[in-house]
Amino acid sequence: MTEAALTTNKTKTMAIIGVMTAITCILGPLSIPIPVSPVPISLTNLAVYFAVYVLGMKRGTISYLVYLLIGLIGVPVFSAFSGGPGKLFGPTGGYLIGFIFMALICGLFIDKWETKRYMHFIGMVLGTIVCYIFGTAWLAYVAGMGFEAALAAGVIPYIPGDLAKIVIALLAGPVIRKQLRRAGLN
């Protein structure tokens, strides 16, 4: 591969990571507070599912890490248009960290079993469970509640919606990935 081709490839990679980071920055703040929990309904996990479909495990995780850093410096890209380190140390901080592991697990399953959507589903469910564990443990610690109470407040109400987001990603993700490959962007 020539130096020009390598530069073009690196530029495309950085651009698509930037686009997926921007999509996460757009979807992440869109949230709906629910009265039974300090954790709002968010579209961040849907953005992460799409990022790993579009970018694969490594670049999808990098995309999320860039989003996380943008939020940590204070840009209001987290739920309810919030940002800064206080958000990471607040009740939802464990979920923000858990999304890193969710991206790694989902991306691994999508990359390893590219044509097997049932494996993508398993990877997304496992990744989401790991995210739930991080989020629930942190919520319990920060809010001074037992693990079961944190589970009831931070996970149980979200399972149906998160399953719907997984189904949306399973339906649209492979199509988007295929079109990007066809266009030479993936």
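**Exercise 1.** In this predicted model, is the crossing of helix 5 and helix 6 left-handed or right-handed, and which residues make the contact?

*Solution.*
Step 1. The two helices cross in a right-handed sense.
Step 2. Helix 5 contributes T136, A137, L139 and A140, while helix 6 contributes F147, A150, L151, A153 and G154.
Step 3. Sorted by type, seven of these contact residues are nonpolar, two are polar and none is charged.
Step 4. Two packed helices are described by the angle between their axes and by the distance between those axes. For helix 5 (residues 117-143) and helix 6 (residues 147-154), the angle is about 115 degrees and the axes lie 8 Å apart.

**Exercise 2.** Compare the expected span of helix 7 with the distance between its end C-alpha atoms, then state where helix 7 bends.

*Solution.*
Step 1. Helix 7 (residues 159-182) has 24 residues.
Step 2. The expected span is 1.5 Å times one less than the number of residues, so helix 7 should span 34 Å.
Step 3. The end C-alpha atoms are 34 Å apart, which agrees.
Step 4. Helix 7 bends by about 30 degrees at A172, and the proline P174 follows within four residues.
Step 5. P174 is one of the buried residues of helix 7, which also include G173 and R177.

**Exercise 3.** Is F78 buried or exposed?

*Solution.*
Step 1. F78 sits in the loop between helix 2 (44-72) and helix 3 (85-88).
Step 2. The relative accessible area of F78 is 0%.
Step 3. Buried means under 20%, so F78 is buried.
Step 4. Leaving aside neighbours within four places in sequence, F78 has contacts that include G28, P29, Y67 and L96.

Note on methods. Residues are numbered from 1 along each chain as its sequence is written. This is a predicted model: local features need pLDDT of at least 70, side-chain atom pairs count only at pLDDT 80 or more; totals for chains, interfaces and linings use all residues. Side-chain values use heavy atoms; hydrogens and water are left out. Axes are lines fitted to C-alpha atoms, for helices over the stretch in contact, and angles run from 0 to 180 degrees between N-to-C directions. A crossing is left-handed if the near helix is turned anticlockwise from the far one by less than a right angle, and right-handed if clockwise. Contact means heavy atoms within 4.5 Å. Ala, Val, Leu, Ile, Met, Phe, Trp, Tyr, Cys and Pro count as nonpolar, Asp, Glu, Lys and Arg as charged, and the others, Gly among them, as polar. The bend at a residue is the angle between axes fitted to the seven residues ending there and the seven starting there. Buried means under 20% relative accessible area, exposed over 50%, partly exposed in between (1.4 Å probe, protein chains only).
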